[in-house]
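The following exercises are meant to be worked with the sequence and the coordinates side by side. Each task is followed by a solution that proceeds step by step.

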Amino acid sequence: MRAAAPAGTELVEAARALDAAGFMPQKSGNLSLRDSDGFLVTPSGLPYAAMTAEDLVRCGLDGAVRGGGRPSSEWRLHAAIYRARPEAMAVVHTHSPMATALSCARHPIPPIHYMITLAGEGGRRGIPCASHATFGTEALAQEAVAALGDGLRATLLANHGVVALGATLAGALALVREVENLATQYLALRAAGIAPVLLSDAELAEAAAMLGDYGRPV
Ligand SMILES: [Zn+2]
């Protein structure tokens, strides 16, 4: 068995829940958890319904596989985020429908709702869309890291999907679900031809303080 059972089980259950919610069409998306000197990541090409904790793959931060298995084709994205953001303990990448639709226009999600502050202080400027790079490449990983900067915890990936990080797996999961909510709300307004009124920095700061996690990872 390659994976520590509790963390591995938690990761597989999370992947299945996102798949059931329609966030992982065609076996897309991938999840990981940081461990002592690398990360535990979902495998390449395996249906989530058939996945067990034993199928998870251990990688070093350089991508070296430890103990066998074939990691997700997006392992570079996970590795780059763990290297760039020491506070990241979990990374979740999805192709959730509405956020992915917006990514296909390379359009950020503006600050239309206070829940955007879950994405961190950078959320006050909205959730950006990273520049395009081919899936599975180091270039994609670097574009994502650049879009996330020092303080943001989620970004769209151009013509591709979403990636989020968290200090916990639960935090990263909550964030990818919220990004999908925000994209759905924003696209509903656009579809209705209604222009949103954006929250001001002061309004967002106050909301974030009320949420109680402003400025620190969820
Ligand atoms: Zn993807």
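**Exercise 1.** In which loop, between which two strands, is Asn159 found? Determine also its degree of burial and its contacts.

*Solution.* The model is a predicted one, and its secondary structure provides the starting point. Asn159 belongs to the loop that runs between strand S7 (154-157) and strand S8 (161-166). The next step is to count neighbours: 15 other C-beta atoms lie within 10 Å of Asn159, so the residue is classed as partly exposed, given that burial requires 20 or more and exposure 12 or fewer. Once the neighbours within four places in sequence are set aside, Asn159 is in contact with Ser103, Cys104 and His132. As a last step, take the distance to Val197, which is 38 residues away in sequence: the two C-alpha atoms are 26 Å apart in space.

**Exercise 2.** How many helices and strands does the chain have, and what pattern do they follow along the sequence? Assess the overall dimensions afterwards.

*Solution.* Counting the elements gives 6 helices and 8 strands, and reading along the sequence gives the order α-β-β-β-β-α-β-α-β-α-β-β-α-α. The radius of gyration is 17 Å, close to the 17 Å that the globule rule gives for 218 residues, so the chain is as compact as a globular protein of that length. Along the principal axes, the C-alpha atoms fill a box of roughly 50 × 30 × 30 Å. Of the 218 residues, 47% count as buried, and among contacts between residues at least 6 apart in sequence, 66% join residues at least 24 apart.

**Exercise 3.** At what angle do helix H3 and helix H5 pack, and how far apart are their axes? Identify the residues that make the contact.

*Solution.* Two packed helices are described by the angle between their axes and the distance between the axes. For helix H3 (residues 97-104) and helix H5 (residues 169-192) the angle is about 65° and the axes are 7 Å apart, and H3 passes H5 in a left-handed crossing. From H3 the contact draws on Met98, Ala99, Ala101 and Leu102, while H5 contributes Val179, Glu180, Ala183, Thr184, Tyr186 and Leu187. Sorted by character, the residues of this contact divide into 8 nonpolar, 1 polar and 1 charged.

**Exercise 4.** Is helix H2 largely enclosed or largely open? Support the verdict with residues and with the elements that cover them.

*Solution.* Start from the burial count: in helix H2 (residues 75-84), 8 of the 10 residues are buried, so the helix is largely enclosed by the rest of the structure. The buried residues are Trp75, Arg76, Leu77, His78, Ala79, Ala80, Ile81 and Tyr82. The cover over them includes strands S1 (30-35), S2 (38-41), S3 (57-60) and S5 (90-94), together with helix H4 (138-148) and strand S8.

**Exercise 5.** What separates the C-alpha atoms of Ala88 and Gly166 in space? Describe the surroundings of both residues.

*Solution.* First place the residues: Ala88 lies in the loop between H2 and S5, whereas Gly166 is in strand S8. Although they are 78 residues apart along the chain, their C-alpha atoms are separated by 5.4 Å. Both are buried, Ala88 with 23 C-beta neighbours inside 10 Å and Gly166 with 23 other C-beta atoms within 10 Å. Not counting residues up to four places away in sequence, Ala88 touches Arg34, Ile81, Tyr82 and Leu165. Finally, the C-alpha atoms of Gly166 and Ala154, which are 12 residues apart along the chain, are separated by 9.1 Å.

**Exercise 6.** Where are Gln26 and Arg106 found, and what are their phi values?

*Solution.* Most residues other than glycine have a negative phi. Gln26, in the loop between helix H1 (5-20) and S1, has a positive phi near 55°, and Arg106, in the loop between H3 and strand S6 (129-130), has a positive phi near 50°. Gln26 counts as exposed, with 7 C-beta neighbours inside 10 Å, while Arg106, with 15 other C-beta atoms within 10 Å, is partly exposed.

**Exercise 7.** Over which residues does pLDDT stay under 50?

*Solution.* The mean pLDDT of the chain is 92, and 94% of its residues reach 70 or more. Over residues 214-218, however, pLDDT stays under 50, and the model has 16 contacts beyond four places in sequence for this stretch. Where pLDDT is low, the predicted coordinates should not be read in detail.

Notes
Residues numbered from 1 in each chain as written. Predicted model: local features only at pLDDT ≥ 70, side-chain atom pairs only at ≥ 80, totals over all residues. pLDDT = per-residue confidence, 0-100. Contact = placed C-beta atoms within 7 Å. Helix = DSSP H or I, 4+ residues; strand = E, 2+ residues; numbered from the N terminus. Rg over C-alpha atoms; globule rule 2.2 N^0.38 Å. Axes fitted to C-alpha atoms, helices over the stretch in contact; angles between N-to-C directions. Left-handed = near helix turned anticlockwise from the far one by under 90°. Nonpolar A, V, L, I, M, F, W, Y, C, P; charged D, E, K, R; others polar.
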